[in-house]
Amino acid sequence: MKNYGKIKDYNGYTGNILGVDGKNYLLLQKEIVEGKAEVDQNVSFLAETYETAEEKENIARFVKVLTLESQKKK
């Protein structure tokens, strides 16, 4: 399911997205498929949960940076 959020921090390789659902998602540079990611930009993504016995991590997959042009196309 497609989710939306805002990039809270990003160093060019990894960062965090705060989703509209209130959850934090791990942002990886290799998962950005459209646009140039910068702090405070709105994005759309697919949410995936990675679980091990000790840890549970929310990951943003197929991240697209939303711009005014992409908003007008909808």
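This briefing covers the strands, the core, the surface patch and the salt bridges of one predicted model. Local features need pLDDT of at least 70 and side-chain atom pairs count only at pLDDT 80 or more, while totals for chains, interfaces and linings use all residues. Residues are numbered from 1 along each chain as its sequence is written, and side-chain values use heavy atoms, with hydrogens and water left out. The largest nonpolar core has twelve residues. Glu31, Glu48 and Arg61 are joined into one salt-bridge network.

**Strand pairing**

- Helices (H or I, at least four residues) and strands (E, at least two) are DSSP runs, numbered from the N terminus.
- Two strands pair if DSSP finds at least two bridges between them.
- Strand 2 (residues 14-19) and strand 3 run antiparallel, joined by five bridges.
- Gly15 has Leu27 of strand 3 as its bridge partner.
- The hairpin of strand 2 and strand 3 has four residues between the strands, and Gly22 there takes a positive phi near 90°.
- Strand 5 and strand 6 are antiparallel, with eight bridges.
- Four residues make the hairpin connection from strand 5 to strand 6.
- Opposite Glu51 stands Lys56 of strand 6.
- Strand 4 and strand 6 run parallel and share two bridges.
- Ile32 has Val63 in strand 6 as its bridge partner.

**Nonpolar core**

- A nonpolar core is a set of buried Ala, Val, Leu, Ile, Met, Phe, Trp, Tyr and Cys residues joined through side-chain atoms within 4.5 Å.
- Buried means under 20% relative accessible area, exposed means over 50%, and partly exposed lies in between (1.4 Å probe, protein chains only).
- The members of the largest core are Ile7, Tyr10, Ile17, Tyr25, Leu27, Ile32, Ala37, Val43, Phe45, Ala60, Val63 and Val65.
- Strand 1 (2-10), strand 3 (24-28), strand 5 (42-51) and strand 6 (56-65) each give two or more residues to this core.
- Strand 6 supplies the largest share, three residues.
- In soluble globular proteins, nonpolar side chains tend to be buried together.

**Faces of strand 3**

- In a regular strand the side chains alternate between the two faces of the sheet.
- Strand 3 shows this alternation: Tyr25 and Leu27 point to one face and are buried.
- Asn24, Leu26 and Leu28 point to the other face and are not buried.

**Contacts of Ile7, Asp40 and Ser44**

- Contact means heavy atoms within 4.5 Å.
- Leaving aside neighbours within four places in sequence, Ile7 contacts Asn16, Ile17, Leu27, Ala37, Glu38, Val39, Asp40, Gln41 and Val43.
- Asp40 sits in the loop between strand 4 (32-34) and strand 5.
- Asp40 counts as partly exposed because its relative accessibility is 49%.
- Not counting residues up to four places away in sequence, Asp40 touches Lys6, Ile7 and Lys8.
- The C-alpha atoms of Asp40 and Tyr10 are separated by 9.5 Å, with the two residues 30 apart along the chain.
- Ser44 belongs to strand 5.
- Ser44 has a relative accessible area of 3%, so it is buried.
- Beyond its neighbours within four places in sequence, Ser44 is in contact with Lys2, Asn3, Tyr4, Phe62, Val63, Lys64 and Leu66.

**Surface patch**

- Patches are made of residues with over 30% relative accessible area and no salt bridge; like charges are joined within 9 Å, and nonpolar side chains (Val, Leu, Ile, Met, Phe, Trp, Tyr) within 5 Å.
- Accessible areas come from the Shrake-Rupley method with a 1.4 Å probe; for residues, only the protein chains shown count as cover.
- Val33, Leu46 and Phe62 form a nonpolar surface patch with about 260 Å² of accessible area together.
- Leu46 lies in strand 5.
- Leu46 is partly exposed, at 34% relative accessible area.

**Salt bridges**

- A salt bridge is a side-chain nitrogen of Lys or Arg within 4 Å of a carboxyl oxygen of Asp or Glu.
- The count by this rule is two salt bridges.
- Glu31 and Arg61 pair through their side chains (3.0 Å, N to O).
- This pair links distant parts of the chain: Glu31 is in the loop between strand 3 and strand 4, and Arg61 is in strand 6, 30 residues apart.
- Glu31 is buried, at 10% relative accessibility.
- Arg61 is partly exposed, at 23% relative accessible area.
- Arg61 also forms a salt bridge with Glu48 (3.0 Å, N to O).
- Arg61 lies in strand 6 and Glu48 in strand 5, so this pair ties together parts 13 residues apart in sequence.
- Glu48 is partly exposed, with 36% relative accessible area.
- Shared partners join Glu31, Glu48 and Arg61 into one network.
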